[in-house]
Amino acid sequence: MKDYSENRYGKTSADIMSAWDYLLKSVYGTFTDHPRFNWQLRPGMVKNGSINICEDYFKGLECFVNAADDLGNNPMYQIDMAEMTAQYLGGKVEILTKMIDQEYLLGDTLQAVLLQSRFETLMLGMDALLSKHPTLRLNRWLDFASKAAETAQQKKLYEMNARRIVTVWGPPVDDYAARIWSGLIGSYYLERWKHYYASRTKGIDFNMAAWERNWVENSKKTDYEWGTIDLIDFSKRMMALSKDISEKDLKLNRPDMIGTWNIGDKEWKEIKLNISARMLKQMNGFSLETIKGNGTIKISGFKLEADGKLVTSSHDTQTLQCGKKVTYRFSLPTNLQANNGCIMTIRLTSLSEKAAGIVVVDK
């Protein structure tokens, strides 16, 4: 890596060597075929991408951009920095999609919409950075197609198929190419997510397949006019803008989580949760925890039904305070299968303001 840096950038530095060390511990030290971020796939279909965006990944890319103080005058470094910063933002965007989903599940639509604005800013930041890259641009790909045409009809057909190959591809194999290109990020990935989020906020259906087909067959403009960009300054600012985004803020990323709940001010409701066979086998009870809100919640018991029959229940009343948890314990029959599903119903009443939280397995 030292020899590579000297040959590529003319010299090396402590920051660039630290960058390689961290990346070797993460994405350069692990293998997955068809690596991609979750936002490169259809919204709502995949929670986790297949890129190893661990803490070392982000540290490595931060060190790479910090190396600009020593290597910033080298044009090859600037090209690589644009790509590396885009990869950094891509990891942060993946976390943001999970944070937005978390807020929807917890019933906080306003916070979800606020996070969506950050999502859009980072996606456009990626698009702007890669617009200055010599190869990672959609319009370059489309130019190859159009220049191969001999007639206007061929040009339209070739460009359409060029768009198809890097997006839907199929069916049945969609989003196969998964390019991280300027133009593709802004006009396809971002716009698809914006439509998805708009439909989720408004509670209406969005025909994603029809939108994708229209983009492939009828797109007129697929890139932004970003103008002049100071790559070093812009990379540092985009990194600083997104550095606080962390998987530590994902409260719903727990393997013991059964589901979520939310309740309005002085509202009574029953929440119904599906219990998987895997969880049922290790279940000796469950706990409710509050994640958002400062209200007091009264839990008026629960019932657990498997294969349509009551397995266990309780009418014991407990009070849940903010930052605390309440637990119900029980014993299940050893031969319980629940082949046709298992449903838990919990009765909640908000005694003051609205709140939201999670239900977890008590082993």
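## A walk through the model

Among contacts between residues at least 6 apart in sequence, 75% join residues at least 24 apart. Keep that in mind as you click around, and remember that this is a predicted model.

**Stop 1: the whole protein.** Show everything as a cartoon. You should find 12 helices and 9 strands. The C-alpha trace spans about 75 × 55 × 40 Å along its principal axes. Of the 363 residues, 47% count as buried. Now switch on the surface: it comes to about 18300 Å², and 49% of that belongs to carbon and sulfur atoms. Try colouring by charge, too. There are 48 positive and 44 negative side chains, and the centres of the two sets lie 4 Å apart.

**Stop 2: the largest nonpolar core.** Select Trp39, Phe64, Tyr77, Phe119 and Met123, the residues with the most contacts inside a core of 71 residues. Next, highlight helix α5, residues 75-105, which gives the most to this core, with 13 residues. Zoom in on Phe119. Which residues does Phe119 touch, leaving aside those up to four places away in sequence? They are Val93, Leu96, Thr97, Ile100, Leu190, Trp193 and Tyr197.

**Stop 3: another core.** Select Ile271, Ile275, Ala306 and Leu320. They are among the 29 residues of a second, separate core.

**Stop 4: Ser352.** Go to the loop between β8 (342-350) and β9 (355-361), where Ser352 sits. Is Ser352 buried or partly exposed? Its relative accessible area is 27%, so it counts as partly exposed. Show its neighbours: not counting residues up to four places away in sequence, Ser352 touches Asp265, Lys266, Gly295 and Thr296. Draw a distance from a polar atom of the Ser352 side chain to the backbone nitrogen of Thr296, and you should get 3.0 Å. For another distance, pick Glu270: its C-alpha is 17 Å from that of Ser352, and the two residues are 82 apart in sequence.

**Stop 5: Lys266.** From Ser352, hop across to its contact Lys266. Lys266 lies in the loop between β1 (257-263) and β2 (268-274). With a relative accessibility of 64%, Lys266 is over the 50% cut-off, so it counts as exposed. Check its backbone angles as well: phi is near 55°, a positive value in a residue other than glycine.

**Stop 6: Asp307.** Finish in the loop between β4 (297-306) and β5 (309-314), where you'll find Asp307. Asp307 isn't a glycine, yet it has a positive phi of about 55°. Its relative accessibility is 34%, so Asp307 counts as partly exposed.

Methods. Residues are numbered from 1 along each chain as its sequence is written. This is a predicted model: local features need pLDDT of at least 70, side-chain atom pairs count only at pLDDT 80 or more; totals for chains, interfaces and linings use all residues. Side-chain values use heavy atoms; hydrogens and water are left out. Helices (H or I, at least four residues) and strands (E, at least two) are DSSP runs, numbered from the N terminus. Buried means under 20% relative accessible area, exposed over 50%, partly exposed in between (1.4 Å probe, protein chains only). Contact means heavy atoms within 4.5 Å. Accessible areas come from the Shrake-Rupley method with a 1.4 Å probe; for residues, only the protein chains shown count as cover. Lys and Arg count as positive and Asp and Glu as negative; His and the chain ends are not counted. The place of a charge is taken as NZ of Lys, CZ of Arg, CG of Asp or CD of Glu. A nonpolar core is a set of buried Ala, Val, Leu, Ile, Met, Phe, Trp, Tyr and Cys residues joined through side-chain atoms within 4.5 Å. A polar contact is a pair of N or O atoms within 3.5 Å; within protein, one must be able to donate a hydrogen and the other to accept it, and residues adjacent in sequence count only if both atoms are side-chain atoms.
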